[in-house]
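These are my notebook entries on what I looked up in one structure. Each entry takes up a single topic.

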Amino acid sequence: MAKQQFKAESKRLLDMMINSIYTHKEIFLRELISNASDAIDKRHFRSLTDASLVPENGYEIRLSADTDARTLTISDNGIGMTKDELENNLGVIAQSGSLAFKKENQTDDTDIIGQFGVGFYASFMVASNVRVISKACGETQAYVWESDGADGYTIEPGEKDSFGTDIILTIKPNQENENGDVEEGYDEFLETYRLAGLVRKYSDYIRYPIKMLMPHSKEKPKPEDAPEDYQPEYETVYEDETLNSMVPLWKKDKKDITEDEYNEFYRSKFMDYMKPLRVIHSHSEGLTASYTSMLYIPAQAPYDYYSKDYQKGLQLYASGVLIMDKCADLLPDYFGFVRGLVDSSDLSLNISREMLQHDRQLKAIAISLEKKIKSELLKMQKDDRENYEKFWEAFGYTIKAGAYANYGADKEKLRDLLMFYSAKEKKMISLKEYREAMPEGQEEIYYAAGANVDLLDKLPQAEMVRKHDYDILYLTADIDEFVINLLAEQDEKKFRSITAGDLNLSSDEEKKEAEEKSTANRAMFDLMKESLDGKVKDVRVSSRLVNDPVCLTSEGSLSIEMERVLNAMPNGQGHVNAEKILEINASHPVFETLCKLYNDDQDKLKQYTELLYNQALLIAGIPIADPAAFSNAICDLMAK
């Protein structure tokens with residue numbers, strides 16, 4: 001029979017199909033198995049009204065590899081194709097028999113995968129010749145479709161005993177470079193264990209058994225006359241095996257799945273030796289998209305989680321067929337730690353199942369998943385605090401970064417998930433819990449930012465807050481204070497740093513006394529400010545110190561801790577300075593000493609001022625500029 005040309009834009013279009021649509025050659029097997037599953041679906045659908053179409057030994061898909069002939073055969077006992085169907089479905093690129101079947105029979109509820117008619121042509125990525133032998137149900141004549149690629153195809157009568165389709169691929173030889181090294185390997189697609197691995201990777205949940213003869217080493221029977229030193233002998237035997245599990249765990253009813261089954265699936269699928277903190281298994285029916293998801297909250301962050309190499313994303317299945325191993329569009333960055341999968345038959349796929357259109361179904365699923373993850377995390381925070389705190393230790397920074405990103409665009413979504421250390425409770429608490437525990441009369445939510453809890457516990461600025469029995473949130477991560485400033489308030493109570501501005505906790509009398517002493521000693525404070533040579537904006541009497549002699553506070557939007565964080569950043573844009581205030585406790589004996597030195601020895605007053613400033617820096621957890629000079633100054637004073 002004369003060769004016919006493809007009814008499309010000839011070789012250029014087919015070359016694009018083969019070389020551009022798919023990025024991995026191994027995808028061809030997934031496509032052909034999915035087509036075989038569709039064919040069986042069609043036969044099963046028609047058997048509902050014609051019992052004669054039910055195969056005697058059940059439905060199956062079979063793989064067989066012949067290394068000598070370099071052929072790989074994918075067989076199914078599905079609906080098969082007539083001569084006209086071979087012409088229409090395989091002779092016209094991007095013509096889908098599955099899509100036509102769905103329209104003709106109005107089977108929207110049937111999980112037919114191949115709807116765009118190009119998956120078959122992935123065969124030519126690995127095959128130099130493709131031969132299709134098909135016999136349609138109810139027909140007596142089989143037909144053979146054959147092609148070497150874009151040059152065209154032939155269709156001739158053939159022989160086939162049973163209904164269904166055999167696709168026989170002649171696998172290309174390996175391509176070697178001038179040095180004899182393999183540049184493009186194709187032999188792997190004739191290896192039984194490689195083929196079995198691809199089935200488990202991409203087609204494990206196809207609903208019909210995918211079978212293949214698999215080699216096994218088996219001990220030969222011991223001869224009756226075997227000598228005493230007989231060593232067992234082994235031979236390779238081939239046994240029929242079903243390669244796929246067929247029933248996805250996520251499609252089972254939750255009440256029928258044990259915790260061990262969930263955990264074992266997680267460990268094997270995502271290579272984590274620790275069991276997850278929480279499993280989120282749900283099914284959603286919606287106007288835009290319906291899907292099943294099985295998500296896991298890990299107990300620990302992967303080793304590369306906080307590196308640029310980490311790739312977030314969920315596995316995406318369409319009717320049990322793996323489409324993408326990491327679909328990043330299903331998760332916002334702040335929930336990038338979630339592992340798991342989504343299975344939907346409603347996704348609009350373009351001409352490649354490997355590439356998803358960014359359509360409304362995908363977006364609808366992503367929005368729904370985000371709400372579900374947040375809801376489950378809040379439940380964990382309330383009902384399973386121990387595990388939530390483990391989660392927060394591993395992934396809290398991600399949530400805080402999400403609240404801060406894009407100028408706080410998602411801060412309200414994440415507000416209730418945030419946790420900070422409570423000075424009073426001695427544990428992590430949420431902002432809502434702080435707000436609910438506030439005593440009557442407390443007007444603001446107090447916080448302190450620094451390197452660690454121990455340092456913050458010793459801050460002299462906290463004395464006045466503790467005196468009123470108010471709680472303080474300790475912010476110990478670099479990002480914390482930036483997040484708090486973006487949030488601004490919690491349930492109409494503003495956040496206030498204990499090291500910035502007037503805390504409004506002193507009585508009117510105390511404020512008046514501090515102001516009068518500052519005014520009375522203005523000349524001394526001006527001299528002290530001048531001696532610090534621009535390091536502070538002002539020196540004044542403190543209304544917040546109780547027992548400690550000195551502290552540093554700040555004015556303006558940039559706090560002392562923010563200064564430290566920003567200046568420590570690599571490739572920072574210049575050097576920033578907070579507007580620091582050196583506050584002196586007028587009730588402390590050191591104040592009397594300062595006043596005396598102002599009258600008697602102003603040079604020594606300048607030395608004391610430098611010491612007090614460095615002391616305040618150290619208390620705040622900020623390294624001093626010249627530790628050696630600081631040490632020498634102390635020694636000089638001790639020697640006098």
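**Entry 1: Positive phi values**

I began with alanine 488, which counts as partly exposed at 41% relative accessibility. The model I am reading is a predicted one. I placed alanine 488 in the loop between α13 (480-487) and β20 (489-490). Its phi is near 75 degrees, a positive value in a residue other than glycine. I noted this because most residues other than glycine have a negative phi.

I then turned to serine 319, whose phi is near 55 degrees and thus also positive in a residue other than glycine. Serine 319 sits in the loop between β13 (314-318) and β14 (321-327). Is serine 319 buried or exposed? I found serine 319 to be buried, with a relative accessible area of 12%.

**Entry 2: Salt bridges**

I looked up how many salt bridges the model holds, and the count comes to 46. I followed three pairs and one network.

The first pair I examined was glutamate 386 and lysine 390, whose side chains meet in a salt bridge at 4.0 Å, N to O. Both residues belong to helix α8 (residues 385-408), and because they are four residues apart there, about one helical turn separates them. Glutamate 386 is exposed, with a relative accessible area of 58%. Lysine 390 is partly exposed, with a relative accessible area of 40%.

I next took aspartate 469 and lysine 424, which form a salt bridge through their side chains at 3.5 Å, N to O. This pair links distant parts of the chain, 45 residues apart. Aspartate 469 lies in the loop between α12 (463-467) and β19 (472-475), and lysine 424 in the loop between β16 and β17 (427-430). I recorded aspartate 469 as exposed at 51% relative accessibility. For lysine 424 the figure is 40%, which counts as partly exposed.

What joins lysine 493 and glutamate 443? Their side chains meet in a salt bridge at 3.5 Å, N to O. Lysine 493 is in strand β21 (residues 493-497) and glutamate 443 is in the loop between α10 (431-437) and β18 (445-449), so the pair ties together parts that are 50 residues apart in sequence. I checked the accessibility of each partner. Lysine 493 counts as buried at 14% relative accessibility, whereas glutamate 443 is exposed, with a relative accessible area of 54%.

I also entered a network of salt bridges that links Arg522, Asp526, Lys537, Asp538, Arg540, Glu555 and Glu579.

**Entry 3: A negative surface patch**

Which residues form a negative surface patch? I listed Asp416, Glu436, Glu489, Asp491 and Glu492. I looked further at one of them, aspartate 416. Aspartate 416 is located in the loop between α9 (411-414) and β16 (419-422). Its relative accessible area is 32%, so I entered aspartate 416 as partly exposed.

**Entry 4: Cysteines**

How many disulfides does the model contain? The count comes to zero disulfides. I looked up two cysteines for their accessibility. Cysteine 137 is buried, with a relative accessible area of 15%. Cysteine 635, by contrast, counts as partly exposed at 43% relative accessibility.

**Entry 5: Two buried strand residues**

I looked up threonine 165 and found its place in strand β6 (residues 164-171). Threonine 165 counts as buried at 6% relative accessibility. I then checked its distance to alanine 39, a residue 126 positions away along the chain. The C-alpha atoms of threonine 165 and alanine 39 are separated by 8.6 Å.

My last residue was aspartate 76, in strand β2 (residues 71-76). At 9% relative accessibility, I recorded aspartate 76 as buried. Where does arginine 62 stand relative to aspartate 76, in sequence and in space? The two are 14 residues apart in sequence, and 6.4 Å apart in space from C-alpha to C-alpha.

Terms used. Residues numbered from 1 in each chain as written. Predicted model: local features only at pLDDT ≥ 70, side-chain atom pairs only at ≥ 80, totals over all residues. Heavy atoms only, no water. Disulfide = S-S within 2.5 Å. Buried < 20%, exposed > 50% of the residue type's maximum accessible area, 1.4 Å probe, protein only. Patch = residues over 30% accessible without salt bridge, like charges linked within 9 Å, V, L, I, M, F, W, Y side chains within 5 Å. Areas by Shrake-Rupley, 256 points an atom, 1.4 Å probe, with all protein chains shown as cover. Lys, Arg positive; Asp, Glu negative; His and termini not counted. Charge placed at Lys NZ, Arg CZ, Asp CG, Glu CD.
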